[in-house]
Amino acid sequence: QTQPSLRPLASQSSRKPCAGRAAATGLRGATAQTQADMTKKNPWMIVEKKAPRTAFLCNGWKNEAENARNLGWTSSSVETMVRMQREAATADLMKLVMPLLMAKAADEKNLQDNPAATPNPKMANLEVIAAISVGSGSAAAVYSMSESVYTIDYLFCNTQTAGQLQSQNVVIKHIVGLAEKAGVKEVRLAPLSFVPGQETIFGTLAEIGFEEAGAGVPWAVYKGL
């Protein structure tokens with residue numbers, strides 16, 4: 001059954017202040033010019049190859065999603081119920097993601113402090129990226145890379161701000177751009193982000209640029225490559 005789009009609902013979020021503080025934390029260190037460009041041209045700042053900062057942000061998002069779920073499920077609005085379902089799915093997904101983010105953060109820190117150290121082989125082809133903003137939504141992804149395909153293994157967002165779907169699209173398009181620069185012709189989305197009833201995408205696959213998964217194929221493929 002097709003779920004209703006959540007874009008109208010996202011613009012009505014009443015929890016911006018708390019989410020805004022989390023996003024502002026992620027913006028520390030940005031230059032004044034960077035923040036000015038975010039306001040005038042693009043409200044999102046891309047954070048990549050900074051797993052410790054991303055892990056800190058995402059842990060806050062996980063806690064917010066869990067708190068929202070703990071408030072209960074009673075609602076007279078179908079659309080609100082769908083949003084709450086996605087909040088719960090995001091909380092569950094991020095329980096799986098946080099150990100991975102912490103391992104990536106530890107590996108990055110180790111290589112930074114000890115350039116001659118051997119990278120963790122499990123982290124070598126794994127990257128973390130976030131698109132963060134104040135007031136326009138924030139999202140992140142963990143993706144793996146090979147010579148022929150990039151796979152978005154986990155896609156999630158700060159469920160307590162407006163612009164969830166838009167921020168997820170920013171993350172996806174940035175990863176697609178990186179794949180294009182590397183000469184990679186296929187970007188996949190792993191099924192954990194769009195399992196029916198457990199979606200962490202705040203919209204449909206088509207709204208984030210992916211084709212529906214085919215019969216016997218667990219992943220979705222980006223249509224723009």
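1. Let's start with the two helices: α4 and α5 cross in a left-handed way. Keep in mind that this is a predicted model. To find the pair, look at residues 51–70 for α4 and residues 78–113 for α5.

2. How do people describe a pair like this? Two packed helices are described by the angle between their axes and the distance between the axes. Here the axes of α4 and α5 come within 9 Å and cross at roughly 160°. That makes α4 roughly antiparallel to α5, because angles over 145 degrees count as roughly antiparallel.

3. What sort of residues make up the contact of α4 with α5, by class? You'll find 14 nonpolar residues there, along with eight charged and two polar ones.

4. Now on to the strands, beginning with β3, residues 139–145. Five of its seven residues are buried, so β3 is largely enclosed by the rest of the structure. "Buried" here means under 20% relative accessible area.

5. On one side of the story, β3 pairs with β2 (residues 126–132) in the antiparallel sense, over six bridges. If you want a spot to check by eye, Ala 131 sits opposite Ala 139 in β3. The hairpin of β2 and β3 has six residues between the strands, and in it Gly 135 takes a positive phi near 95°.

6. β3 has another partner to look at, β4 (residues 150–157): these two pair in the antiparallel sense over seven bridges. Tyr 143 stands opposite Ile 152 in β4. β3 and β4 also form a hairpin, with four residues between them.

Terms used:
Residues numbered from 1 in each chain as written. Predicted model: local features only at pLDDT ≥ 70, side-chain atom pairs only at ≥ 80, totals over all residues. Heavy atoms only, no water. Axes fitted to C-alpha atoms, helices over the stretch in contact; angles between N-to-C directions. Parallel < 35°, antiparallel > 145°, perpendicular 65-115°, else oblique. Left-handed = near helix turned anticlockwise from the far one by under 90°. Nonpolar A, V, L, I, M, F, W, Y, C, P; charged D, E, K, R; others polar. Buried < 20%, exposed > 50% of the residue type's maximum accessible area, 1.4 Å probe, protein only. Pairing = 2+ DSSP bridges.
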